[in-house]
Structure formats: C-alpha cells, structure tokens
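Okay, thanks for coming, everyone. I'll put the chain up on the screen and then walk you through a few places in it that I'd like you to look at.

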Amino acid sequence: MQNKGLIKLFAFLFVAVSIYQLSFTYIANKVEDEAATYATANQQDGLNTDEVARKYLDSVGKQSVMAGISYDYAKKRVLNQGLDLKGGINVILQISTKDILKGLANNTKNPVFNEALEVADELQKNSDDTYLESFFEAFDQVNDKAATKTPLAATDIFANKSLEGEINFKMTNDEVHPVLTRKLDESIESAFEVLRKRIDKFGVTQPNIQRLGKSARILVELPGAKDVTRIKKLLQSTAQLEFYETHTFKEVADYLLAVNTKLQKEVAAKTVANTTTDKPKTDSAEALLGTDNDSIAKQAQPFFDAFMLNPSAIQGGNPTHLGFAKKGDVALVSRFLADTKNLRKGAIRNAKFRWGKVMTAKDKANYGFPKDDNNDYVPLIALKTNRDGTPAMLGDVVTDARSQFTQSGLPAVGITMNAIGAKQWEKITGDIAKQGNTVAIVLDDIVYSDASARQAITGGQTEISGSFTLNETKDLANVLRAGKLPASADIIQSEVVGPSLGKEAIDSGKMSFILALVLVFLWMIFYYGKSGIYANIALAINVLLIFGILAGLGAVLTLPGIAGIVLTIGMSVDANVLIFERIKEELALGKSQVEAVKDGFSNALSSILDANVTTFLTAVVLFVFGTGPIQGFATTLMIGIATSLFTAIFITRLFIDAQVERGNDLTFSTGITKNWFTKVSIDFLQKRKMAYIISAVVILASLVSLFTNGLNQGVDFVGGRTYLVRFEKAMNTNEVSEVLTKEFGSAEVKTFGGDNQLKITTKYKIDESGVEVDNEIQEKLYNDLKPYFPEGFTYDTFSKGDEAKTIGLMQSMKVGPTIADDIKKASVWAVLGSLLIVFLYILARFKWWQFSLGAVIAVFHDVVIVLGIFSITKDLMPFNMEIDQAFIAAILTVIGYSLNDTVVVFDRIREYFNKEHDSQFSNLINNALNSTLSRTLNTSLTTLIVLLTIFILGSEAIRGFIYALMIGVIVGTYSSLFVASPIMFDTVGKKELKREHLEEEEEDAIVA
C-alpha cells in the first residue's frame, strides 16, 4: 500500500478531531452533573430544582472548566440528543395560508373572495396541492358561476393600499399569482423568524427550528423541555395584541336577560311540542344544553344556570366583569351568545364578548365563592368596537415588553409604546377616566387585564397585571417582543417524551450497544484469530469516528440512531470479512503472504464499494423522505458506511501490512475455523425451482394476509392521539378500553413493554387543534384513569415531566389527518424511489439489465415477506407491531442490506465471467455463490447477533423496528442465494452475454 505515512497522518488527525469534538460533551455533562448536585443540596424558595440548576449554570457558564473551555462554549458543541433520549417536545406547526390571504386582502368582505376560501377548504380535503393553488382554482370556479367576473386585483381584494406598488387593478389573475406566492413565502419566513426569536428566549438548550422545504410547515424540536403546555402556548400564540374599552354591566344587562328569555321560550316550545325520537336541531336550547326533555323542563333559567352573574351587579353595582362561567361551560355560553347576536341593540350592537383568564383562589374569594368550590371559573367581558369590529388601539405600537413586578410585588408585564401609541393611550385612558369603565388588554382573544384609570396616562407606558406566575410574565413579554405571527399556527403533529422515559432509553441503549460490540469482537477473534483483533481495533476506531463526526456536524443522536450505529457495527464487519475471505482464497491459490494480502485487498475492493454504495443510496432516500428520529437513523447509517470503508480499507490494512513486513505469519483463521466453507459445492441453480415454489407460497400467504388481515397502522399513518401511560400494577386492557370508549367514543388500548404500561390511541377531536383541546383530552384521560393510580395522585403529577417519574403519562403524540396522509405518501415514494435508484445503479455498474431485474425482484420479494410476516403476526407478538415511520426505515434498511448481499455475489459472477471464458454460465454462478457463502453467512450472523442484542436489551420503542430488521436479514440472505442470481440466470436464458476484458479499476490505485 502506497502513501502509508499520509494515511497514518489522516488516521491520527481523524481520531484526534473526534476525541476533541466529544470532549465538549464530556465537559458539559460534568458541569451539569455538578449543577444537579448543587440544586439538590441548595433548595431555594419559589424555585424548583431545575430552576436552581439553571441559575448555577448561568453563574459558572463563562468560567474555564478544562483547557480554557467554558461550559457555555462546550454546551454549543455537545453531541445533541434527540427527544427519545433526552425527553422534550417535537412539533410541526402549520401556518394558516388562509389567514395570510385574508390579511393580504385586508379582511375583505368581498363575497367572491370569501366563497373561494370556503371552496378551497373543501378542495384541500382531497388534494395534494398547496392551499394557495387550491385557492386559485377555487377563485376561478366561483368566478365562472358569477354573473360578473371579479379579478384578484379588485380594489376590495388585493389591489389595496397595503399591496400598493405590487398589485394594481389593471393586473390579470395570472399576473397576481406570482405576487401572492412571493408574499405568502415572505409571511411564512416572517413566522419562522418570530418563532425562532421566541424559542431563543425560552432558555431551552440546543433547540432546532426549520421550515420544511417551501411549505407552510415549521418543525420545532426542543430536547429537554419539560413544561409542555407552556411551550405549546408559546408556539401557537399569534401575539395579536389589542386594546379595547369595555362595556359596563348596566349597558349589557338587558341583552343578557333577553338571551335567557329566548332560551326559556325555546325550552317551553320544545316541552309543549313533546316531539318524538327525532334528534333536536343543533341550534335548539336542548342541543346546546345537552340534556333531555325532562331536565330542560325543570330549568327556569337556561342561560343563568350556565352563566353566573357578578355578585356586584346583583347588588346594584356596575362592574365590567359581567359574570362567570365554569371552565367546562365556556363553550356552551359562547354558543348562546353567538346565536343571539340579533338581540344586541344600541351601544352594544357591535360588542365583542371575550373571556378572561382562569380566576385564582384569591380572585374567587374576593367575589364571595365558597372555599370548598374547587371549580375553575373565567370572567366574561364585553368589549366596545365600531361597525368593523376593530379595537381602540392595536399592539403594533408596542416597542418593548419586559417582565417586572407591581407595587404589590406581583409578577406583571411592562409595555412601552411608540409616539403614536402614547397619544392613543392617553386618549383611551382619558375617556375611561370620564366614563367609569375600563380598558381591556386582549392577547389572542383572551382578556389578560382590564383596569380603570383616574386620569389620562401620558408617556406611553402601561402594565399588564393580573393572576400571573413569573414564568407567564416572562413568556408574555417574550412573545410581545418577538412580534406577532402573520397568521395562526396550528400544531398538526406533536410528540412529547418524558425525561424519565428518555433516561431509560439511554440506559438500555448503552447496555445493548456495549454487549453487541463485545459479542462482535469475540466472534471476529474466534473466526479470524489475530487478524480479527486488527479488525476489532479498526471497528473501535470506526465507532469513535462515528460519534466524533455526529458531534462535529451538530447532528442529533436518536434511539433509532443508536440502532443505526449498532447495525453499522454488524455491517461494517462485512468489509473486513470480504477482505479476509479474499486473502484466504489467494493463499489457497499458492500465493505468498505478501502477494495474497495485496491481491486480497485489491480484488475485494470492487465488491466492498458496490455493496456499500447501494446501502448508502437507500440511506440517502431515507434521509430525504424521513423526519426526526428516522433522519437520525439515516444520518448515522450514512456516516457509519463512510467510516467503515475508511477503517476497513486503510486502518486494517496498516496493521496487516505491519505484520507481513515483519515476517509474522497470518492465517486469517483459527484452528477451529480453518476449514469452514472451504470445500462447499452446492448446486444453487439446480435447487432454484424448489426455492421458487417456497418463495411463491410465502409471498402468496403474505399477500392474502395483507389483503384480508391488513397491517396495524400506527398514528403516523392514520392520525390520532397516542398516550403512553405507566401504572404501579398490571392492567387489564379490556377494562381500560371500555372505560375510555365511553369517554372518547373509541379508544385502542394495548400493553407496551410491561403489563403495567399501556399505549392508548384515540381519534377523539383529532380535527380540532389548540392547547385548550389538547389539555381537555389529557384531563379527561387522567380523570378516567385516576381510579387506577394511588390515592392523592394529582393531574400535575400525572402530566408533569420529571426524571424521577415512575408512573403517569410518560409520552404523548398527536398526528393530524392531513400530515398523516402526507407521511403515508412520502413513505410509499421512499420505497419506490429506493427501488428505482437501485435498479439504475446496478444497471450502470454491471451493464446487463438482467442483473438489475434479479436484484429488484429479490428486494421486492424481501419487502413483501417482511410486510406479510408483520401482518400474520401482528396480534401474536407481545410487543409493538405498528406500521409507522420507523417501520418504513426498517424496510429501506432491509432493501439496502439485501442489495449488499446480492451485489457481492453479482460482483463475483462478473469477475468469473470475464476470467473463465470456457466455463458454463450456470457453473460460474454456482461457483460465485459458493465462494462468497462464507462471507454471506458470516456477515448475516454478526448482524443478527447485533440485532438480537438490541431486540432483547433495547428499548421497547424500537423492538418492532428491530424485529423487522431481523426478518429482513434472514430473508435477504435467503434471497441473495436463491432468488436474485437464479432470476438473473433465467432471464439471461440462452443469450450470449458480452464479456469484458476488465481493466485495472481506479479503486486498485488506492490500495496499490
């Protein structure tokens, strides 16, 4: 091997850089362990352990820890851990294109525009087009039906003042299209920047936020985040800040009484009519109250039974808090008010009714609520607006916001306004000082604060005060400073992993990783003796390089990523096995040890490159179409393939050459394994018909099961919410399913891991989004499961993220129906794309289409059988058998592995075909299969050992994933011997294939 000195230099540099990159992780972990110890020993009033630890880290962040490296510097360069290892939250936000279009059109009331939006909503349900494309199509459809045509550039649509200079009334629809496309893209980029600013100020280390292509979707990953509800509010808040004057109770009293009177009449009419079993109309009082006829007849005050008037108003006062409703009745009361807008007259004709924040115990005491009333109540406020429903002042006048404290020492948010805002604020406060009402500060349709004023307030300073915690004021100030989102942001996919579950995954991952490594080391020494030791050294360096490169690239290590590394350990042995087996063949031909080593490395190189390139290509496809943890798996697989090639071809060669140059004898086997597979002579082609029959039977059984029994599709593909809940004792899934089905309409309950851990899936309200809906469903889940937990087990304990947590909600996931369809389509394209790429690569590499066809049929054979076995055994296995994104990753890995085996055989067939001109083609194929049999079985065995180790010791979350890989390895090994080559042989038939005089390939120069 030439340039040994240069190779040694590169090897040293690669190892040194990897150790350097990983040192940051060591330093950061060391300081964080010290912070955790300090926080446990130094509890502080008003702060939990995490907050004390954070204060400690902030105080020592810039101090040198080791070799001049500070914690702050090291933390930015650590090996990132994914949610499944560290806990945290991962969400995909959908920025509303509809809202952006409304904003660009200045919320026009143009009937054609608004009808087009409604039609676009319907088109989106069964379309792969973007919302903007559906809107363009819908606008044309609505226009075609209209008596007069309305252009997009109408002055009351997009040719308005805000788009002046970009769209004018003379432009055609086709000319407007690119302008709207650009404006939409700018708005989504603006949303991205707003979210990034919010997250940067939140305090989560190593956040990841990225826009998904050119779509209106934004991915946010926050490893280590624990307060999930707080984060969801932070992400989904549009930060639409508005200031309104308020109506007093006396202005609204007649309307509230009129609402109650109308409902009384509806109830009376319903009772008199005494209709049969027909379902009530959705706008009737019965439907709104959700009760039967008898109970309604007894209710004298339908509205005031759900809405409690402010005691001050009853006593003759004139408050702006009109009254209160239980949190669970808010939707009902809001419906009553929305359905009776026609009853609003005079000053309140254009009023907006909005709810405030949930009242604290102190607030309830001030209003005279009994001490034993544990219900959550929210106040109702009526806001003054003009005919267009606009507020007295918008939040765009705010220039700064900060967390501060009131004179009473309570958390609040201070606001500074610009000159225009200061004048407006002075006028508003002056008006309410004269009128005796209040000014309400409204954020995203929630009244955060409403206060009176004794006189006009000058200077443009104000304060939002109320029932805030310190974290709430920090988040509110953060949101206001970052600016408002240009449109609403809905969470269409989310995954929450508790930190304790992540810790368990790390522990099981470490154990499986170490044991798999040890078993592979022992096998290589057992099979190859001293040469195996050198291969093990190269393998250890390979693992170090993988972790070093991951850290250097800022990649995220996930649970599937660890599986990818462990799988790489098994597969990276393949390159050394190919080399050693080839050297053994050269020695058997009577060559000297020096020549045998040289020719062995040289002749094995083509097979090594072809096998690894095909696997690498499937990993690329997986990276392109996958998301989150699956991309982590693909990343580690690609890095592992590259480092495996380097260590096997160069590092192992250095050690082998050193021994040969010293004259030491290397046999590349042990006394036990010396004659294994040396005299094998199996007529594979003669057995192909029997193999065809066996494969046909298994494939037929698989297809029958797939069409009749189907697959257990996970939430990724069908949409829904999934909760992983752990209990103290074993649970009866049927019993829990019955309880939850009564609440949610339908609920699937399965054991996950131990009998005390359940995976609960429901589609209840999956089409609805928002923090309130998520919290509502989670609270219902807790209430239904509460009897199965110890006495005193609260909702906070159930839902809170804590590393010491042993029971309660461990993980949750939500996938909306739209993104579920997208995931399913992307998965199909990923599999088909990988098959096409493989076909083209083999065609380009081997020249004959018969080779490509044989490889693709073998891969298709393997994929169908893996799917079939999953279908047949889905209800039999005691672990998760869901078809999700991880399973698709397994399928693509199976494709890569199967091709790895097949390509090695094909490469040997090509070599024999071009060297042995007088041999029959069938004999060449059999000889090639027999000569590579040792490598095929050796690689398969080491890979299976590794996978079995992960399967037994690894996390429950990836057990189904590993099961699919194990099936794939077994089936792939079979197909490379009995399907791919026989298919290629039969398609060649009696045709005369053109022989090539192989020239020295470029690869030989590398090892010459």
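**A walk through the model**

Let's start with one pair: Ile209 has Val220 in β6 as its bridge partner. Before I go on, please keep in mind that this is a predicted model.

So, Ile209 sits in strand β5, which covers residues 208-211. That strand has two faces: Ile209 and Arg211 are on the covered one, and Asn208 and Gln210 are on the uncovered one. If that every-other-residue pattern looks familiar, here is the background: in a regular strand the side chains alternate between the two faces of the sheet. The strand across from β5 is β6, residues 217-223, and the two run antiparallel with four bridges between them. Together β5 and β6 make a hairpin with five residues between the strands. Within that hairpin, Gly213 has a positive phi near 65°.

Now, a positive phi on a glycine is one thing, but what about other residues? As a rule, most residues other than glycine have a negative phi, and most peptide bonds are trans. I have two residues here to set against that. One is Asn106, which is not a glycine and still has a positive phi of about 55°. You'll find Asn106 in the loop between α5 (97-104) and α6 (111-124). Asn106 counts as partly exposed, because its relative accessible area is 44%, and partly exposed runs between 20% and 50%. The other is Asp445, again not a glycine, with a positive phi of about 70°. Asp445 is in the loop between β15 (439-443) and β16 (446-451), and with a relative accessible area of 43% it is partly exposed too.

While we're at the loop between α5 and α6, have a look at Asn110, which is also placed there. Is Asn110 buried or exposed? Asn110 is buried, since its relative accessibility is 7% and the cut-off for buried is under 20%. What does the side chain of Asn110 reach? It gets to the backbone nitrogen of Phe113, at 3.1 Å. If we skip the neighbours within four places in sequence, Asn110 also touches Thr150, Asp156 and Ile157.

Next stop, Arg77, in the loop between α3 (71-75) and β3 (80-81). Arg77 is partly exposed, at 28% relative accessibility. A polar atom of the Arg77 side chain lies 2.8 Å from the backbone oxygen of Tyr73. Beyond its neighbours within four places in sequence, Arg77 is in contact with Gln21, Phe24 and Ala551. And here's the bit I'd circle on the slide: Arg77 and Gly554 are 477 residues apart in sequence, yet C-alpha to C-alpha they are 7.1 Å apart in space.

Back to strands for a minute. There's an open sheet of four strands, in the order β8-β9-β11-β10, and the pairing is antiparallel. Which strands stand at the edges? Those are β8 (308-309) and β10 (352-355); each has a single partner strand, so one side of each is left without a neighbour in the sheet. As for β9 (residues 321-326) and β11 (residues 377-383), five bridges join them. In that part of the sheet, Lys326 stands opposite Tyr377 in β11.

Okay, out to the surface. There is a nonpolar patch of about 770 Å², made by Met511, Ile514, Leu515, Val518, Leu519, Leu522, Leu948, Ile952 and Leu953. Two elements give two or more residues to that patch, α19 (499-528) and α33 (933-953). Which of them gives the most? That's α19, with six residues. From α33, take Ile952: Ile952 is exposed, because its relative accessible area is 56% and exposed means over 50%.

Last, let me zoom out to the whole chain. We have 36 helices and 23 strands. Of the 1008 residues, 53% count as buried. The chain exposes about 45900 Å², and carbon and sulfur atoms supply 56% of that. Finally, take the contacts with a separation of 6 or more: 75% of them are between residues 24 or more positions apart.

That's my tour, so let's have your questions.

Methods:
Residues are numbered from 1 along each chain as its sequence is written. This is a predicted model: local features need pLDDT of at least 70, side-chain atom pairs count only at pLDDT 80 or more; totals for chains, interfaces and linings use all residues. Side-chain values use heavy atoms; hydrogens and water are left out. Patches are made of residues with over 30% relative accessible area and no salt bridge: like charges are joined within 9 Å, nonpolar side chains (Val, Leu, Ile, Met, Phe, Trp, Tyr) within 5 Å. Accessible areas come from the Shrake-Rupley method with a 1.4 Å probe; for residues, only the protein chains shown count as cover. A salt bridge is a side-chain nitrogen of Lys or Arg within 4 Å of a carboxyl oxygen of Asp or Glu. Buried means under 20% relative accessible area, exposed over 50%, partly exposed in between (1.4 Å probe, protein chains only). Contact means heavy atoms within 4.5 Å. A polar contact is a pair of N or O atoms within 3.5 Å; within protein, one must be able to donate a hydrogen and the other to accept it, and residues adjacent in sequence count only if both atoms are side-chain atoms. Two strands pair if DSSP finds at least two bridges between them.
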